[in-house]
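User: Please take a close look at the metal site of this model, and then set it beside the other side-chain contacts and the strand pairing. I would like the cut-offs spelled out as you go.

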Amino acid sequence: MIKKLTLGFFLLLSLQVFAQKKSPKVIWITLDGLRWQELFTGADSSLVGDSGYTEHLDDLAKEFWTNDPLQRREILMPFVWSTLVEQGQIYGNRELGNKVDCSNQMRFSYPGYNEILTGFADDENIRSNDKILNPNETLLEYVNKQNGFENKVFAFGSWDVFPFIINEERSGVPVNAGFEKANESLTERERFLNELQDEVIGPWGNVRLDVFTHHYAMECLKSKKPKLMYIAYGETDDYAHDGKYDHYLKSARQTDDYIAKLWAYVQSDPFYKDQTTLIITTDHGRGTVPKDAWRYHGEGTPESSQIWFMAMGPNVPALGEVKTNAQLYQNQVAATVAEALGVSYNQSKAGESIPSVFKK
Ligand SMILES: [Zn+2]
């Protein structure tokens, strides 16, 4: 009897140990066209007070302005400049000589997302934002084929070109983007989101409001437990093109809050807690001179190759804002995500993972 009990006890114990066994997960996030200038110094003095770029000057200044750029950036992105800077790493402050750039020469979205997601620029084939199926395999597609990751990779985006960038059909990676709805064994919240998405009319025809992208992604995290999830927030770029600096800032701050909520959820769920890495970056920068150039990016705007990169997770040393002279590239992001997952990314064209991101 005692023997049986003991055996049962050990079985239970080992089952529990097995259930709690840690395995790496990644939430990979992009904010479309958010400049490093706002990330590192907050609201721009020359834009925040310009009535051409905002409807309510006084309100905007009250919300986002203070003379100290370090305080301004905290006001703009409080999660990044509290939790993430304390526990993770932030690259790309060019005022300190730390540089991150696109290696593609296009400096707009599809080429940027191709470079982020595959690990290499392809200026020969990816030269427009047209809905062409990406001939290149992204890391999402690659990971979805690896042992233990099958059907555990999901992507969400606000822009309706993502199903093409990720080549949804070939890759087998489910992509919910543009105005797509959740469509499989719906949760109650997904049903409601589907309804709201028909009723809440955003400003653009090909990009939905990020609120839908975010909450669809959150529901998927809870119900499908992906090991690699990609979330592409889009509003910052479109509000910038529209010349609406107030909306651009408010979207950046809202996205920061979305990331805070993702992290809070991840750290509250035993499947994710202490085994999930956040990797966050952007597809391109934007211009600075002349003043109106903040709205634009592309081949004619060389400084729009300037981007930034952040990481936080169990194997990421807390270096905070990285202040060393360095030159990193967008083509290193995919290999960095692969390393966080413990997957060897067998893609010779991809840039190397950023060495300082992980404990060695
Ligand atoms: Zn754009």
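Analyst: What follows begins with the metal site and then moves to salt bridges, aromatic rings and one sheet.

This is a predicted model, in which local features need pLDDT of at least 70 and side-chain atom pairs count only at pLDDT 80 or more, while totals for chains, interfaces and linings use all residues. Residues are numbered from 1 along each chain as its sequence is written, and side-chain values use heavy atoms, with hydrogens and water left out.

The zinc ion has as its protein donors Asp-237 (OD), Asp-237 (OD), His-241 (NE2) and His-297 (NE2), which lie 2.1 to 2.5 Å from it. Donors here are N, O and S atoms within 2.8 Å of the metal (3.2 Å for Na, K and Ca), and since water is not among the atoms, sites may look incomplete. The angles among the four donor atoms run from 55 to 146°, and the site is irregular; four donors would count as tetrahedral if all angles lay between 85 and 135 degrees, whereas four count as square planar and six as octahedral if opposite donors are over 155 degrees apart and all others between 65 and 115, anything else being irregular. Along the sequence, the spacing of the donor residues is D-x3-H-x55-H. His-241 belongs to helix α13 (residues 235-241) and His-297 to the loop between β7 (276-281) and β8 (306-307), so this pair ties together parts that are 56 residues apart in sequence; helices (H or I, at least four residues) and strands (E, at least two) are DSSP runs numbered from the N terminus. His-241 is partly exposed at a relative accessible area of 28%, whereas His-297 is buried at 16%, where buried means under 20% relative accessible area, exposed over 50% and partly exposed in between (1.4 Å probe, protein chains only).

Turning to charged pairs, the count comes to 18 salt bridges, each being a side-chain nitrogen of Lys or Arg within 4 Å of a carboxyl oxygen of Asp or Glu. One of them joins Arg-253 and Glu-63 at 2.7 Å, N to O. Arg-253 lies in helix α14 (residues 245-266) and Glu-63 in helix α4 (residues 57-64), so the pair ties together parts that are 190 residues apart in sequence. Arg-253 is partly exposed at 29% relative accessibility, and Glu-63 is partly exposed with a relative accessible area of 29%. Another salt bridge links Arg-295 with Asp-292, whose closest N and O atoms are 3.7 Å apart.

Among the aromatic residues, the whole structure holds 16 aromatic pairs, counted for rings of Phe, Tyr and Trp (its six-membered ring) whose centres lie within 6.5 Å, with planes under 30 degrees apart taken as stacked, over 60 as edge-to-face and the rest as tilted. The ring centres of Trp-159 and Phe-162 are 5.9 Å apart and their planes stand at 85°, so this pair is edge-to-face. Both Trp-159 and Phe-162 are buried, and they belong to one aromatic cluster with Trp-28, Tyr-113 and Tyr-230.

Finally, an open sheet of three strands, with mixed pairing, has the order β8-β3-β11, two strands being paired if DSSP finds at least two bridges between them. Strands β8 and β11 (326-329) stand at the edges with a single partner each, so one side of each has no neighbour in the sheet. Strand β3 (residues 98-101) pairs with β11 in the parallel sense over four bridges, and the bridge partner of Asn-98 in β11 is Ala-326.
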